[in-house]
Amino acid sequence: MKTIFYASFFLLLMSNSRIFAQKKNYNFLTDSLKIEEQLEKYKLPGFSVVVFENYKMVYSKQFGVKSMNSPEKIDENTAFSTASNAKPITTLLCFILEEKGLLNLDDPIDKSLKRWHLPKSKFTENRTPTWRQFLNHTAGTSQEGFEDHYKGEKIPTLEESLMGKIPRYDKEIEFLFEPGAQWQYSGGGYTIIQMALEDQFNRPIAALAKQYIFSPLGLKNTTMIQPNEKGFLTNVALVHDKNGKVIKTGLPITPQVAPSGLWSTLTELATIAIEIQNALRNKNNKEISKNVAKKVTKVSALKNAVGGWSYGWQKSFAYNNYDWFACNGSNTGVGGNVMGTMTDGNGFAFLANGEKPNRFPVMAQTQRTILKVMNWKGNFLNEESQEIPLNLKEKLIGTYDDFLYGQKVETKIVQRNNRLFVESMVLEHFKGKNENELVYLKNGLFKVIDYPNLLKFEFADGKVSSVTLLRDDFEDRIEISR
């Protein structure tokens, strides 16, 4: 009888545990985030946020209006212009096409171009740039970003864009260094990818993305079709200036679709991120393979690459001791972030339809709050540490050019309570505080809390002479000036 009692009690306990797990409530996020207060404070028209945990979306909330000219509220199906969040989607498309045997990303991209060809340059005489180099911003091209256009204006062609016959540029896109030698963010490089895709497959990039990504994943409110084209979405958020006024028609037209022409909702962007996370663990992934997920999120550039870059995704932070894949999108009057952990299926995304001064404070506070209250704890870079010898501490303490992110800002190594900390304006901006301990590992390398790369310091005349960044099987050496 006692055995039956214990067995019944155990089954009841397990059942209650499952019910408790299923009923975990994430509504506390609304009170913690205080979005509505911030919208009013910073005169931001609208904001949408999604949180995912353990490979599931657990919180989705929308605030404000689609347009300051209308009372219509933003809802879960309201799509935003996502700016540079188009780049990881373009990358994903390319790697899927390669897996299907339709592309070779190590081929010279110029072989696929028909309407226009790469300009001649001394930098490409001995090394022809490949698809892969354009995808990770190491091809060496100029044209960082572009201005949007609106209905009623002359919309430039891709050829005109690459020839520099557009606002912001007055000369043809050019090579700034030998392909593969450095890293340089280039929206123009992604425009070349778009032209190569469309020339090779004789179809718009919007149709290719729909066939190979959006439709297979069941995404109905995500598109690369532009507002002046047939089939554009109807439930969309308009873009606004810093005074909260709708910019022209409110619907930016982006002929450079591959770098910045994606429209999507937060739930569908999160669906793509979770699909990648599932693919990385090779479980519950529907359309993206583990092979593709690993390739698009693998670090492929470190030096001057804002802490690290893969193919389309930024790999710049180690918040809560996780390795993250991320993308920040920023266009005039709209922008937002997508961030996902490489393990455990956690992450968040947000989009806002206001200008930088209006949205940046809200975005920064939202990110800091989510990272704090979700209490995620990863095991990235959990190598065993040791005490830093006194003579080594003395050599490290000082003021440097930025060796973490290559942003040419002052970076300090300081001592507090007999421990060393790295002070960086970049980490302070995203964390809200400057408490980044420098930890000495037993393998002789260093790590900085919330920073993803391991560091190896080299010395000359008792001072740091260089820092080598190490990540996965990649390393880059940075000469130090103090």
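So, how many helices and strands does the protein have? It has 14 helices and 16 strands. Before I go on, please keep in mind that this is a predicted model.

Let's start with the overall form. The radius of gyration is 24 Å, and the globule rule gives 23 Å for 482 residues, so the protein is as compact as a globular protein of that length. If you follow the C-alpha trace along its principal axes, the spans come out at about 75 × 70 × 50 Å. Out of the 482 residues, 56% count as buried. And on contacts: if you take those with a separation of 6 or more, 63% come from residues 24 or more positions apart.

Okay, on to the inside. In soluble globular proteins, nonpolar side chains tend to be buried together. Here, the largest nonpolar core has 70 residues. The ones with the most contacts inside that core are Trp131, Ile192, Ile193, Leu197 and Met224. As for helices, α10 gives the most to this core, with nine residues. There's also a second, separate core of 58 residues, and Leu39, Trp183, Leu302 and Val306 are among its members.

Let me go back to Trp131 for a moment. What is Trp131 in contact with, leaving aside its neighbours within four places in sequence? Earlier in the chain, the partners include Cys94, Leu103, Asn104, Leu105, Asp107, Pro108, Ile109 and Ser112. Later on, Trp131 also touches Ile193, Ala196, Leu197 and Gln200. Two of those, Ile193 and Leu197, you've just heard in the list of residues with the most contacts inside the core.

Last topic, the cavities. The structure holds two of 30 Å³ or more. The largest has a volume of about 40 Å³, and the residues lining it are Asn85, Pro88, Ile89, Leu269, Ile272, Trp313 and Val338. Two helices, α4 (86-99) and α10 (266-281), each supply at least two residues of that lining. So α10 turns up again here, after giving the most to the 70-residue core. By class, this lining has six nonpolar residues, one polar and no charged.

What about the second largest cavity? Its volume is about 30 Å³. Gln133, Phe134, His137, Thr138, Ala139, Gly140 and Thr141 are among the residues that line it, and from further along the chain there are Gln184, Ser186 and Gly189. In this lining, eight residues are polar, two are nonpolar and none is charged.

That's what I have, so over to you.

Notes. Residues numbered from 1 in each chain as written. Predicted model: local features only at pLDDT ≥ 70, side-chain atom pairs only at ≥ 80, totals over all residues. Heavy atoms only, no water. 1 Å grid on protein atoms, 1.4 Å probe; cavity = no way out; pocket = protein on both sides within 12 Å on 5 of 7 lines; lining within 4 Å. Points joined across faces, edges and corners; volume = space filled by probe spheres on them. Helix = DSSP H or I, 4+ residues; strand = E, 2+ residues; numbered from the N terminus. Nonpolar A, V, L, I, M, F, W, Y, C, P; charged D, E, K, R; others polar. Core = buried A, V, L, I, M, F, W, Y, C linked by side-chain atoms within 4.5 Å. Buried < 20%, exposed > 50% of the residue type's maximum accessible area, 1.4 Å probe, protein only. Contact = heavy atoms within 4.5 Å. Rg over C-alpha atoms; globule rule 2.2 N^0.38 Å.
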